[in-house]
Amino acid sequence: MNFVTSPGPFLRDKKASNAFKMFAYTVALAILWIFSITYHWVELGADYGVAIITIMLTAQLATLLADILAAVLRYDVTQVRLLPHVLHQVKTNYSYVTATLFALMIPVGTPAFVVIMGSLFSTLIVKYTFGGFGANIFNPAALGRIFVGLAFGSTLVTYLPGDSSLVIPTLTTGATITTAIGNAGWLVDSLSGMNVTVSQLLLGTYSGAIGETPTILIIVIGLSLSFFKVHNWRPTIFFYATILLTTLAMGAMAGINPWMFSLLFVSSGSIAFGGSFMLTDPVTSPTSNFGKALIGVLAGFFVVFIRFLTNNPEGVAYAILLVNIVSPLIDKHATGMIHRHLRLKWGLLAGVAVSWMVFHG
């Protein structure tokens with residue numbers, strides 16, 4: 001029996017391993033963090049702004065300690081001194097990006113112990129269990145968010161201890177916008193009866209996860225990263241396009257305003273954030289351009305499927321996890337065949353898309 005092995009996508013793509021790209025991601029995410037601090041500080045008070053700063057610092061510290069622990073456990077005394085080894089591990093695993101992503105995916109009221117548990121899980125379990133940066137098969141921040149959602153879901157609130165949901169003007173009966181729309185069955189073409197306007201959804205001036213609310217800002221930053229080739233544009237564009245076309249078709253078949261329905265669907269929750277910063281992760285995505293486009297299409301369908309057919313009001317993190325699972329299979333069948341049977345590939349993909357929409361409708 002012959003075993004064919006190859007390094008992870010990040011290790012195969014030397015250009016993608018440039019530390020500058022990780023720095024660019026960090027700057028992009030920092031912009032969202034600063035936006036969230038400013039909004040919460042101005043609208044809800046200094047305590048909320050300080051809480052967002054504290055969550056980020058806590059996630060970074062917990063992740064740094066996880067890096068140090070992993071480095072110590074992997075230390076070989078015969079090869080190098082301990083301190084240079086630890087510093088090298090911390091520098092080359094870029095766990096601060098994981099910590100930043102995770103911190104932006106949780107709400108302001110998340111307790112410190114949950115932030116710590118999620119950060120340690122993302123780094124130690126999801127990343128280092130598979131060998132560290134470049135070897136993990138799942139997006140660490142996405143799986144960390146799923147973990148805290150399942151284990152500590154009731155603690156992930158958008159208000160601080162001592163307050164209640166009543167102090168948050170953009171919540172509807174205590175529910176976030178995704179929960180409120182989900183409770184309405186998702187097939188809605190207006191925000192009537194909800195405490196959020198369309199402009200608030202687009203600008204991010206409402207309460208939700210720390211870094212996931214400003215839809216327009218996220219899309220602009222994501223497109224900028226694609227323009228400067230920090231990441232591949234295909235997962236993002238195909239992800240957005242799939243959700244847009246699917247929801248337009250579903251809205252038309254349901255007899256509601258398809259454009260408004262699609263706008264509300266796309267701009268609520270973490271679709272923009274997941275498409276711009278999570279799905280584009282080169283470690284957990286296929287290496288071929290066709291494969292990158294395909295996971296965008298699959299993730300888009302998964303998000304629509306999860307939101308409509310499950311009790312989960314979000315679905316993006318789960319969709320990313322699902323495409324992470326199939327990425328090695330896509331790589332196996334698509335890598336090295338980029339220019340072969342392209343019409344057949346795209347024809348099959350379009351056929352699946354149309355069939356899914358017709359069946360679901």
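This passage describes the fold of the chain, the packing of several helices and a few individual residues.

The structure is a predicted model, in which local features need pLDDT of at least 70 and side-chain atom pairs count only at pLDDT 80 or more, while totals for chains, interfaces and linings use all residues. Residues are numbered from 1 along each chain as its sequence is written, and side-chain values use heavy atoms, with hydrogens and water left out.

The chain holds 16 helices and 0 strands; helices (H or I, at least four residues) and strands (E, at least two) are DSSP runs, numbered from the N terminus. Of its 361 residues, 51% are buried, where buried means under 20% relative accessible area, exposed means over 50%, and partly exposed lies in between (1.4 Å probe, protein chains only). The accessible surface of the chain is about 16700 Å², and carbon and sulfur atoms account for 69% of that area. Such areas come from the Shrake-Rupley method with a 1.4 Å probe, and for residues only the protein chains shown count as cover. Contacts (heavy atoms within 4.5 Å) often link distant parts of the sequence: among those between residues at least 6 apart, 73% join residues at least 24 apart.

A good place to start looking is helix H5 (residues 95–104), which is largely enclosed by the rest of the structure because 9 of its 10 residues are buried. The buried set consists of Ser-95, Val-97, Thr-98, Ala-99, Thr-100, Leu-101, Phe-102, Ala-103 and Leu-104. These residues pack against helix H2 (19–44), helix H3 (46–73), helix H4 (82–93), H6, H7 and helix H13 (271–278). Just ahead of H5, the loop between H4 and H5 contains Tyr-94. Tyr-94 has a phi near 50 degrees, a positive value in a residue other than glycine. For context, most residues other than glycine have a negative phi. Tyr-94 counts as buried, with 11% relative accessibility.

How do the neighbours of H5 meet one another, and at what angle do H5 and H7 cross? The axes of H5 and H7 come within 8 Å and cross at roughly 40 degrees; axes here are lines fitted to C-alpha atoms, for helices over the stretch in contact, and angles run from 0 to 180 degrees between N-to-C directions. H5 is therefore oblique to H7, given that angles under 35 degrees count as roughly parallel, over 145 as roughly antiparallel, 65 to 115 as roughly perpendicular and the rest as oblique. On the H5 side the contact is made by Thr-98, Leu-101 and Phe-102, and on the H7 side by Pro-140, Ala-141, Gly-144, Arg-145 and Val-148. The crossing of H5 and H7 is right-handed, meaning that the near helix is turned clockwise from the far one by less than a right angle, with anticlockwise giving a left-handed crossing.

Helix H7 (residues 140–152) also packs against helix H6 (residues 112–127), at an angle of about 135 degrees and with the axes 8 Å apart. H6 is therefore oblique to H7, and H6 passes H7 in a right-handed crossing. Residues of H6 in this contact include Phe-113, Met-117 and Phe-121, and those of H7 include Leu-143, Phe-147 and Phe-152.

Another pairing brings together H2 and H10, whose axes lie 11 Å apart at an angle of about 170 degrees. H2 and H10 are therefore roughly antiparallel to each other. Ala-24, Tyr-25, Ala-28, Ile-31, Leu-32 and Phe-35 of H2 meet Leu-217, Ile-218, Ile-221 and Leu-225 of H10. Beyond H10, Lys-229 sits in the loop between helix H10 (215–227) and helix H11 (234–254). Lys-229 has a positive phi near 60 degrees, in a residue other than glycine, and is exposed at 63% relative accessible area.

In helix H3, Tyr-48 is buried at 3% relative accessibility. Leaving aside residues up to four places away in sequence, Tyr-48 touches His-40, Val-108, Thr-158, Tyr-159, Leu-160, Asp-163, Val-167 and Ile-168. Tyr-48 and Thr-38, 10 residues apart in sequence, are 9.5 Å apart in space from C-alpha to C-alpha.

Finally, a search of the whole structure finds 1 salt bridge, defined as a side-chain nitrogen of Lys or Arg within 4 Å of a carboxyl oxygen of Asp or Glu. The partners are Glu-314 and Arg-307, with an N to O distance of 3.0 Å. Glu-314 is buried at 18% relative accessibility, and Arg-307 is buried at 2% relative accessible area.
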